[in-house]
Amino acid sequence: MAQTLVLLATRPRSRYSGCFGTAAMNIYLDYNATTPVDRAVLEAMLPFFANSFGNASSIHSCGQRGRAALDAARDLVANLIGANPSEIVFTSGGTEADNLALFGSANASPQSRKHIIATTIEHHAVLNAAQELERQGIEVTYIPIGSSGVVDPQDIRSALRPETILISVMHANNELGTVQPIEEIGRIAAEAEVPFHCDAVQSAGKLALDVDRLGVDLLSISAHKIYGPKGVGALYVRAGTPLEPQVYGGHHERDRRAGTENVPGIVGFGKAAELAKANLKADAARIEILRDRLDEMLAGTLPSVRVNGDRSSRVGNTTNLTFAGANGEALVIALDLQGIACSTGAACSSGAVEPSHVLLAIGLSPDEARSSLRFSLGRATTDAEIDRALAIIPATVERLRAMSPRALSAVHAK
Ligand code: PLP
């Protein structure tokens, strides 16, 4: 913590003036946190702020231009995941989509006894919603996950009960990148006739998505993870899936989510979805090669570095590494000072640095979790950036390790 405070104090405020194309930050390796808005997405959105600004529910032509743009965007988002456009409910993002899936399913179920299955590595948008449902009297089984970071579908099968109303399992984990066996879980859910929700916020744009092949009834996606704007997302709702709205008002989104539609945001989401589908194969193949190089060089050249989660079942852009003996938060700041943006295996909550629930869930100790970093690459990541990152990261890790006597003994003990 002391190291972190010293580093923070040396960081000039002007760093926040921009992320790309400035001396302040030139290697962005935090694409799982968010992505820049693609220029084509921005251009698609611009007319809908001040020119074609009509309310999509208005009958006049200004409103109808918004309605037409909304319909076109709905087609593009549906096309990204192999859905029917009528099954797309636009939301304010992935968090709201996850909340709508969990609360909407719970409220729609007539049973008095209700049970939900989720995993321990879900995003907080699912976990905290599940915990709130527990406070409301619903039982939740959290399936434990081993060091692979991949759930065993048989554990889901074993947890099923007659009163189970929903299974919620994420596709790609945001911290580890590990991909869950959604198709197999989909088959188990279908056999048991239990609705199946999948948080695909981190797999959209990275893996080909098809709701029928995956066997999901509900699926969450978010625009800002696929080079679209923040504050827009969608929940796919398979026709016939019981779901109670969570926002009441007008008849928007076929009575499933009230509120005047965010036309510019949704138009941007549509364009981002179109680009994600068109670029998927080329982006994924190129990015994976760069991620593997980063992984192999860091884990191969530095002592006491471990790659977290099963390396063979990860999305191609993400790696999570434990640098034993180096404080992750201090590392993030030290790297930031040298122009590299990445993130820690810990989150700041109520002023304290809490180790990541995902890393703890797969068996890391709190110290190991606090010594972990996530690097997530994206469409703009270049070979030269990875070369530069590889020139900076090892020396920075060694420098921080040398600053901590406790750290040194941890390295030598391994
Ligand atoms: N689910 C996952 C797996 C995520 O990674 C995120 C965001 O980091 C969310 C849900 C929340 O999405 P949003 O930021 O659009 O609310």
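## The sheet

In this predicted model, seven strands form an open sheet with mixed pairing, in the order β2-β8-β7-β6-β5-β3-β4. Its edges are β2 (88-91) and β4 (139-143), each pairing on one side only, where pairing requires at least two DSSP bridges between two strands. From one strand to the next, the twist averages 20°. Strands are DSSP runs of E with at least two residues, helices are runs of H or I with at least four, and both are numbered from the N terminus.

Let's look inside the sheet. Strand β3 (residues 115-119) runs parallel to strand β5 (residues 164-168), and four bridges join the pair. Here Ile116 stands opposite Leu166 in β5.

## A helix across the strands

Helix α6 (residues 124-135) lies across β3, β4, β5 and β6 (196-199), and runs at about 145° to β4. Axes are lines fitted to C-alpha atoms, for helices over the stretch in contact (heavy atoms within 4.5 Å), with angles from 0 to 180 degrees between N-to-C directions.

## Helix α12

Now to helix α12 (residues 328-337), which is mostly covered, with eight of its 10 residues buried (under 20% relative accessible area, 1.4 Å probe, protein chains only). Among them are Leu331, Val332, Ile333 and Asp336.

At the start of α12, Asn327 places a side-chain oxygen within 2.9 Å of the backbone nitrogen of Glu329. After the helix comes Gly339, with a positive phi near 90°.

## Reading the numbers

Residues are numbered from 1 along each chain as its sequence is written. Local features need pLDDT of at least 70 and side-chain atom pairs 80 or more, while totals for chains, interfaces and linings use all residues, and side-chain values use heavy atoms, leaving out hydrogens and water.

Technical notes. Buried < 20%, exposed > 50% of the residue type's maximum accessible area, 1.4 Å probe, protein only. Polar contact = N/O pair within 3.5 Å; in protein donor to acceptor, adjacent residues only side chain to side chain.
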